[in-house]
Amino acid sequence: MITGLQAFFLVNALITLFAAVKVVSSRKLVHAALWLVLALMGVAATFAMLGSRFFSVIQVFVYIGAIATLIIVAVMLTRNSMEDVGPQVNRGWWLPLVVVVLLFVGLVVVLSGWGDFGLSTRTVGAEGENVMELGKALVDPNGFVLPFEIASALLLGAMVAAIYLATDRKEGKR
Amino acid sequence: MSFWIDPINFVIAWLKGLLESWGLQPGLVTFVMYLIGAFVTTLLAMLLVVFLIWLERKLIGRVQDRLGPNRLGPWGIFQTFADMLKIFTKEHITPDGADGVAYNLAPVISVGAVLMVWAVIPFTATVVGVDFNAGVLYLMAVGALGEMGVILAGWGSNNKYAMLAAFRAVAQLISYEVPMVLALMIPVMFTGSMSLQALVKEQDIWFIFLAPVAALIFFISSIAEVGRTPFDLVESESELVSGFNIEYSGLKFGMFYVADFLHAFTISLLFAALYLGGWRGPGAEQYPMLGFVYFALKTAVVYFIGILMRASLPRFRIDQMMDLNWKYLTPLALVLVAATAVAGKIVPAEMAGLRLVVMLALNGIIFAAADRLMTRRRSARRQVAQAPRPVAHYVQPAPTDPGD
């Protein structure tokens, strides 16, 4: 007998996987991007089911609000956005399939050797995770301050580069 | 708990008891209760829109020296019902060449994204849908879903004007999210929590007094998020016919219309909750329904100001809109966040009076400096192309001969 939560998880996982498959198999690029949104929503729902409201909200905010939106805008600017008529696979289609299957089997084998593999899910407490602890850990020298600062420097570099590329420099001026 | 002190929780407790007496499992009871709560809240919100549309038409009519709706019922109050009936009976049209799924999903997502905000708004001290420690982030995440609705509408319509409007909308909405998040960070810093109920409870002094400039930034950027005048480039009639919803008619257009009005009201709710103390007021802790009245009054004031702005300001050009965001609001908000963080550490929350004075002074100085810089930059950019010349000369009309 499965509980309501388990049933919900199964349905959600099926929807997420189906959407993920559709991302690569849709003929229309915009449809693929929209399926991607659904798949990301499924991940957010999984976070919510684990009781991690903060991460589920972050998932929606960052991945759907920013990344998926940008992908969709980029896709809408491409040429074959309405209909793609070419064949969807080329001759070497079986090679990535073999690699992916091997990778999946390898991951399962490695993970099943890990002690906590058979553990049932543990949800975060009713009041949700401690966001303040997370924030402190991000700027703590013993925590994650180095990756955090490197990420911000990387983003700053990307922004400067984008501005440099987009700047319209006139010849005579300056 | 008596009915007259807290009627909503009284009804909730009664209903819960009833469901449990039927022998349902506790988990299922909670689920059903949330379902009922969501249904009732959304229903009330949608019904409220009927009144809001009438109110806005009437007020804008008055501002523009017209009467507004005045035929059906007292003060024309039933006009919206007539419009609603008409829109319900219209045919559902999906234009040829439109992308069926995207086209039909867009209005639903637009309305849904606005309604989802209502889940976290604390209406009284005791009535709040979900109160969790990421409420402020949730607001932004749900706003992102609204963008998705606009994109779907613009792309799914298979219309170049709709597509252009969708691009504009995305540019505008993503841009104005930046100062909005920064302005939201300041109340979060004061409170140390991202739950909206905690934000309201912390406001012994309303945050609009502790952070007036942040409140202003939030107000401006939330109007931009709704896309109303002066930020209605998304549906500027003169350039894009009617924007992303050009191909929509009947009930599907009605959904966008409802989403627009509801969104305008929802941002007023949020402003009242975040900066005007929400349900707080004398006696609101003992009598939660009193808090509801205070909240409604505060929201009404903000909403009224929003309507007056809509009625009186002209539309921005797209470069002005972007300038305002990236060159003024975002740097100002960044400076404000840094300065408020430092000042908030120096003057602890216990010294409420001193803190208020320091924060007001800080905000005043920052705003004055920003205003000074803006003015200087504007006058540096302004060039005189040509000496001004009289627009029209009055010429005595030649006398007409009555004999002709």
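This is a short chat about chain B of a predicted model.

Biologist: Which domains does the assignment give for chain B?

Modeller: Residues 1–89 are domain 1 and residues 94–378 are domain 2. The C-alpha centres of these two domains of chain B lie 22 Å apart.

Biologist: How many residues does each domain of chain B put into the contact?

Modeller: Domain 1 of chain B gives 21 residues and domain 2 of chain B gives 26. The area buried between them is about 2,100 Å².

Biologist: What share of that area comes from carbon and sulfur atoms?

Modeller: Carbon and sulfur atoms give 82% of the area buried between the two domains.

Biologist: And how many salt bridges cross the interface of the two domains?

Modeller: Two, by the rule used. Three residue pairs are also found in polar contact across this interface.

Biologist: Which helices supply the side of domain 1 that touches domain 2 in chain B?

Modeller: α1 (7–21), α2 (26–63) and α3 (79–89) of chain B each supply at least two residues. The largest share of that side, 14 residues, comes from α2(B).

Biologist: Changing topic, which residues touch the most other members of the largest nonpolar core?

Modeller: That core has 125 residues, and those with the most contacts to other members include B:Trp118, B:Phe218, B:Phe271 and B:Tyr275. Helix α11 (residues 250–275) of chain B provides the largest share of the core, 15 residues.

Biologist: What is B:Phe218 in contact with, leaving aside its neighbours within four places in sequence?

Modeller: B:Phe218 is in contact with B:Met180, B:Ala183, B:Leu184, B:Leu270, B:Phe271, B:Leu274 and B:Tyr275.

Note on methods: Residues numbered from 1 in each chain as written. Chains lettered and ligands numbered in written order. Predicted model: local features only at pLDDT ≥ 70, side-chain atom pairs only at ≥ 80, totals over all residues. Heavy atoms only, no water. Core = buried A, V, L, I, M, F, W, Y, C linked by side-chain atoms within 4.5 Å. Buried < 20%, exposed > 50% of the residue type's maximum accessible area, 1.4 Å probe, protein only. Helix = DSSP H or I, 4+ residues; strand = E, 2+ residues; numbered from the N terminus. Contact = heavy atoms within 4.5 Å. Domains from an automatic or database assignment. Buried area = accessible area lost by both parts, 1.4 Å probe. Salt bridge = Lys/Arg side-chain N within 4 Å of Asp/Glu carboxyl O. Polar contact = N/O pair within 3.5 Å; in protein donor to acceptor, adjacent residues only side chain to side chain.
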